[in-house]
Amino acid sequence: MNNEKQIVPDLRFPEFAGHWDFPLIQKLIDEQIIVSHLDGNHGSLYPRREEFTEKGIPYVTANDFINGYVDFSNSKRLPLERAKKFKKGVAIDGDILFAHNATVGPVAKLETDLDFVILSTTATYFRCDNNTLINDFLKHSLSSPYFVKQYTRVMAQSTRNQVPITTQRKFNLLIPNPKEQQKIANCLSSLDEVISSETEKLDLLKDHKKGLLQQLFPVNGETQPHYRFPEYRNDGDWVSHNLGKICTYFNGGSNEKNVIDDGDYYLISLNSIDIEGNLKKEMKRVSISDDSLIKNDLVMVLSDVAHGNFLGLCAIIPNEKYVLNQRMAGLRLKNKDVNIQFLRFFINNNQKYFKQTGQGSSQQNLAKSSVEKFPVLLPKDLKEQQKIANCLSSVDGFIESQIQKIKGLKNHKKGLMQQLFPKVNSLTI
């Protein structure tokens with residue numbers, strides 16, 4: 001196969017020239033440059049749920065891969081003596097991890113002071129020397145367009161959402177000489193660090209919002225918040241009202257038959273609200289309106305899977321371009337004594353109520369009566385509601401700005417990856 005002229009990137013550091021090689025991962029394993037968790041099966045050693053503890057050796061899954069690194073904050077743990085029984089799936093500091101089962105594609109570098117961690121069967125680890133294949137370059141190579149193309153093709157030909165390890169060994173890696181590998185790795189790793197730093201800022205903003213919600217709304221059956229703006233500290237208790245007294249409740253219709261790609265109206269369905277209680281930017285569209293929603297209506301999720309994290313979540317409709325689908329509720333204010341943004345924040349800050357009143361096992365559902373009976377505490381002065389809503393909306397603005405900043409950085413990295421790695425559409429895979 002004579003493809004040497006094609007195996008060069010569009011963007012290259014000036015000191016490098018010549019074509020890239022494309023060896024099989026299998027060859028690199030044979031040369032003992034990469035060691036892989038080859039069989040993907042812990043057999044009888046697979047840990048049982050009751051064996052996990054709060055402290056011990058991390059049991060790492062693909063869910064722990066965050067922005068190119070392993071985040072241990074939510075990892076399950078195994079007692080040291082139990083973890084020592086593992087002969088396979090034992091990863092060490094510096095290993096490159098690739099998620100290949102259930103969630104396919106994320107890559108992370110393991111950085112740890114521990115002697116080892118246990119890697120679940122959802123991921124492969126690769127371990128390489130610094131002579132032929134640079135460790136950090138391998139990390140980015142496993143996310144390169146060509147490598148993604150290889151495993152995407154395998155997944156498209158299978159009914160299972162996984163890429164077997166024996167199949168991974170038959171994939172190609174695109175590699176230049178080690179010095180160029182190191183320079184590419186340094187460039188992309190520095191960008192990873194920026195993304196990670198900006199993600200930490202986002203997490204801090206979200207934590208700040210949680211703290212504000214705890215201070216600005218009453219908790220544990222109290223009738224006043226822990227913090228009150230100075231001008232309202234002598235205004236007394238907040239007043240309780242059932243949601244049904246504040247809002248008119250109505251259900252959505254069956255509008256799936258009207259879904260088209262370029263519809264003029266957005267369909268509010270179960271997947272239209274994110275976990276923060278915001279309308280998603282992308283959603284299904286429909287060809288006609290049934291006039292079910294107007295500006296400043298609230299829409300609420302009525303059905304969710306067993307954990308119920310979305311049950312009762314609300315978002316505000318910004319204009320008349322939306323249509324309400326079934327299993328979603330609409331809530332329209334009956335009077336002007338309630339600030340709609342305040343009401344949204346209050347409802348979304350009390351998800352515990354909706355989880356407790358949801359009915360069903362594999363899927364929980366909210367009844368109209370449960371929604372209408374939800375107790376809403378309101379300050380007597382509409383201006384206090386407005387001030388609280390403005391405060392929280394301001395934080396939401398910072399959060400959204402930070403989300404867009406991170407999205408921009410990730411898109412920038414994606415563009416760099418496409419430029420720094422060769423385009424090899426004509427190579428056989």
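Guide: Two strands count as paired if DSSP finds at least two bridges between them, and that cut-off is the place to begin with this predicted model.

Visitor: How do you know that strand β12 and β13 pair?

Guide: Strand β12, residues 265–268, and β13 are joined in the antiparallel sense over two bridges; because at least two bridges are required, they count as a pair. Within this pairing, tyrosine 265 stands opposite valine 286 in β13.

Visitor: What makes β13 and β17 edge strands?

Guide: The open sheet has three strands in the order β13-β12-β17, with mixed pairing, and β13 (285–286) and β17 (322–324) each pair on one side only.

Visitor: Why is Leu243 said to be in contact with methionine 300?

Guide: Contact means heavy atoms within 4.5 Å, so Leu243, which methionine 300 touches, meets that limit. Methionine 300 also touches others, including Phe354 and Val371. Met300 and Leu243 are, together with Leu343, the residues with the most contacts inside the largest nonpolar core, which has 75 residues. Helix α11, residues 382–420, gives the most to this core, with 10 residues.

Visitor: What makes a residue part of the lining of the largest pocket?

Guide: A lining residue has an atom within 4 Å of a point of the pocket, and 33 residues line the largest pocket, those closest to its centre being Asn63, Asp64, Ile66, Asn67 and Asp71. The volume of this pocket is about 880 Å³. Helix α6 (178–216) and α11 each supply at least two residues of the lining, and α6 gives the most, with six. By class, the lining holds nine nonpolar, 12 polar and 12 charged residues.

Notes
Residues are numbered from 1 along each chain as its sequence is written. This is a predicted model: local features need pLDDT of at least 70, side-chain atom pairs count only at pLDDT 80 or more; totals for chains, interfaces and linings use all residues. Side-chain values use heavy atoms; hydrogens and water are left out. Helices (H or I, at least four residues) and strands (E, at least two) are DSSP runs, numbered from the N terminus. A nonpolar core is a set of buried Ala, Val, Leu, Ile, Met, Phe, Trp, Tyr and Cys residues joined through side-chain atoms within 4.5 Å. Buried means under 20% relative accessible area, exposed over 50%, partly exposed in between (1.4 Å probe, protein chains only). On a 1 Å grid over the protein atoms alone, a cavity is a set of points where a 1.4 Å probe fits but cannot get out, and a pocket is an open set with protein on both sides within 12 Å along at least five of seven lines; lining residues have an atom within 4 Å of a point. Grid points are joined across faces, edges and corners, and a volume is the space filled by probe spheres set on the points. Ala, Val, Leu, Ile, Met, Phe, Trp, Tyr, Cys and Pro count as nonpolar, Asp, Glu, Lys and Arg as charged, and the others, Gly among them, as polar. Lists of a residue's contacts leave out its neighbours within four places in sequence.
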